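Colleague: I have a new model open and would enjoy going through it with you. Let me put it up for both of us, and then I will start asking.

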Amino acid sequence: MLTPPFPVEPGVRKIAVLRANGLGDFIFALPALAALRAAYPEAEITLLGLPWHAAFLRGRPAPVDRVAVVPPSRGIYEPGGTADDPAAQEAFFAAMRRERFDVALQMHGSGRNSNPFLRRLGARLTAGLRGPDAPPLDRWVPYIFYQPEVVRYLEVAALVGAAAVSLEPRLAVTEADLRESRAVVPEDGRPLAVLHPGASDPRRRWPPERFAAVGNALAAAGARVVVTGTAEEAGLTRAVTAAMRREVVDAAARLSLGGLAGLLARCAVVVANDTGPLHLALAVGTASVGVYWCGNVITAAPPTRARHRPAISWRLACPRCGLDCTRARCDHRDSFVADVPAAEVTAAALELLRAESGLPAGS
């Protein structure tokens with residue numbers, strides 16, 4: 001069913017939302033979750049998510065009331081390459097059917113795997129995304145890749161009458177987040193600037209020496225520069241710090257996700273690849289310079305420009321084989337954003353640093 005608009009559903013006590021993926025994916029869904037909370041203030045909203053959702057959201061103000069961790073399932077959650085756990089699935093769906101959800105929403109991809117998963121919950125009304133190879137739900141909107149992710153999930157929320165209350169994600173930062181961040185990066189009077197050189201997809205990684213050039217300029221302007229990353233990204237953070245000539249803090253693997261949120265919230269500006277920590281920075285209210293491939297500007301870049309600057313690579317062809325990756329896919333993982341000039345990112349970062357911190361233009 002595709003005919004909008006839809007009214008708020010009567011008698012809704014319980015809502016389930018399937019969104020069992022990464023940090024950036026969760027951030028993109030926050031405006032839709034906020035819309036659901038505003039439209040159904042008395043309903044219990046359960047996020048069908050992953051263990052990290054449960055840990056991160058525990059005790060944190062959020063538009064969801066609780067997290068139900070999904071079992072290993074093909075196309076939904078495959079920890080360590082495990083595609084399915086039939087026994088865990090049966091137990092999970094039996095428990096979910098006992099919840100008697102009034103509404104279940106699929107915000108987890110095109111629906112080939114996630115729509116059958118959602119239908120097994122036994123909800124009174126199902127709604128969500130549907131690609132060409134996905135079974136239908138009671139209400140659905142087409143999944144088309146080149147669409148802003150935030151808007152995509154707002155369209156899903158609108159299928160049950162939940163109107164947008166914001167176009168930009170917002171996430172609460174707790175005192176515990178801030179305390180943890182200060183233990184790793186104490187206050188010293190200087191504005192903070194974070195560099196995040198990692199990304200799960202190597203095609204979205206800007207070269208470490210470019211990050212170092214930006215970091216040198218930010219430090220020369222008066223910022224205290226911090227490089228962040230996971231334990232798996234420690235090689236990238238070391239490459240950045242080794243290439244810098246100025247003081248820098250390597251905080252790779254030293255912060256929990258909450259501690260990272262606390263650090264980002266304290267920053268004047270974040271410079272990062274298009275990856276989860278960049279979107280987390282935006283959600284906690286930090287100014288940003290993001291390095292994006294042009295296709296991901298459509299799907300992932302913030303809509304406003306007062307405090308956010310996308311630095312865009314317009315490369316369409318694989319740097320190794322020349323295939324137009326907007327039309328087909330190759331197996332190469334060479335960077336699609338390496339040609340973004342360091343001077344462009346540096347200029348944007350310095351502009352935001354000065355605007356956010358009050359440092360003089362000549363610093």
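**Questions about the fold**

Colleague: Is Ile144 buried or exposed?
Modeller: Ile144 has a relative accessible area of 53%. Buried means under 20%, exposed over 50%, and partly exposed in between (1.4 Å probe, protein chains only). With that cut-off, Ile144 is exposed.

Colleague: Good to know. What kind of model is this?
Modeller: Residues are numbered from 1 along each chain as its sequence is written, and side-chain values use heavy atoms, leaving out hydrogens and water. Local features need pLDDT of at least 70, side-chain atom pairs count only at pLDDT 80 or more, and totals for chains, interfaces and linings use all residues; the model is predicted.

Colleague: Where does Ile144 sit?
Modeller: Helices (H or I, at least four residues) and strands (E, at least two) are DSSP runs, numbered from the N terminus. The C-alpha atoms of Ile144 and Leu129, 15 residues apart along the chain, are separated by 9.2 Å. As for its place, Ile144 is in the loop between E6 and H5.

Colleague: In what order do the strands of the six-stranded sheet run?
Modeller: Strands count as paired if DSSP finds at least two bridges between them. The sheet is open and its pairing is parallel. Its six strands follow the order E3-E2-E1-E4-E5-E6.

Colleague: Which strands stand at the edges?
Modeller: Each edge strand has a single partner strand, so one side of each is left without a neighbour in the sheet. From one strand to the next, the twist averages 20°. The edge strands are E3 (66-69) and E6 (139-142).

Colleague: How many bridges join E1 to E2?
Modeller: The two strands run parallel, and the bridge partner of Lys14 is Glu44 in E2. On the pairing with E4 (residues 103-106), E1 has four bridges, also parallel, and Ala16 stands opposite Ala104. For E1 and E2 (residues 44-49), the number of bridges is five.

Colleague: How many of the residues of E1 are buried?
Modeller: E1 covers residues 14-18 and is mostly covered. On one side Lys14, Ala16 and Leu18 are buried, and on the other Ile15 and Val17. Of its five residues, the number buried is five.

Colleague: At what angle does H1 run to E2?
Modeller: E1, H1 (residues 23-39) and E2 make a right-handed β-α-β unit; right-handed means that, with the strands pointing away from the viewer, the path from the first strand over the helix to the second runs clockwise. H1 lies across E1, E2 and E4. Axes are lines fitted to C-alpha atoms, for helices over the stretch in contact (heavy atoms within 4.5 Å), and angles run from 0 to 180 degrees between N-to-C directions. Measured off those axes in the model, that is computed, H1 runs to E2 at about 160°.

Colleague: Which residues touch the most other members of the largest nonpolar core?
Modeller: Such a core is a set of buried Ala, Val, Leu, Ile, Met, Phe, Trp, Tyr and Cys residues joined through side-chain atoms within 4.5 Å. The largest one has 61 residues, and its largest share, nine residues, comes from H1. Those that touch the most other members are Leu36, Leu105 and Leu280.

Colleague: Why are Ala234, Leu236, Thr237 and Val240 on the same side of H8?
Modeller: These four residues of H8 (residues 234-243) are buried. On the other side of H8, Arg238 and Ala242 are exposed. The arc is that of the directions from the helix axis to the C-beta atoms. The buried four lie on the same side because they cover an arc of only 160°.

Colleague: What is the phi of Arg100?
Modeller: Arg100 is in the loop between H3 (86-99) and E4 and is exposed, with a relative accessible area of 61%. Although Arg100 is not a glycine, its phi is positive, at about 55°.

Colleague: Last one: is Ser313 buried or exposed?
Modeller: Ser313 is in E12 (residues 308-313). Beyond its neighbours within four places in sequence, its contacts include Tyr292, Trp293 and Phe336. At 1% relative accessibility, Ser313 counts as buried.
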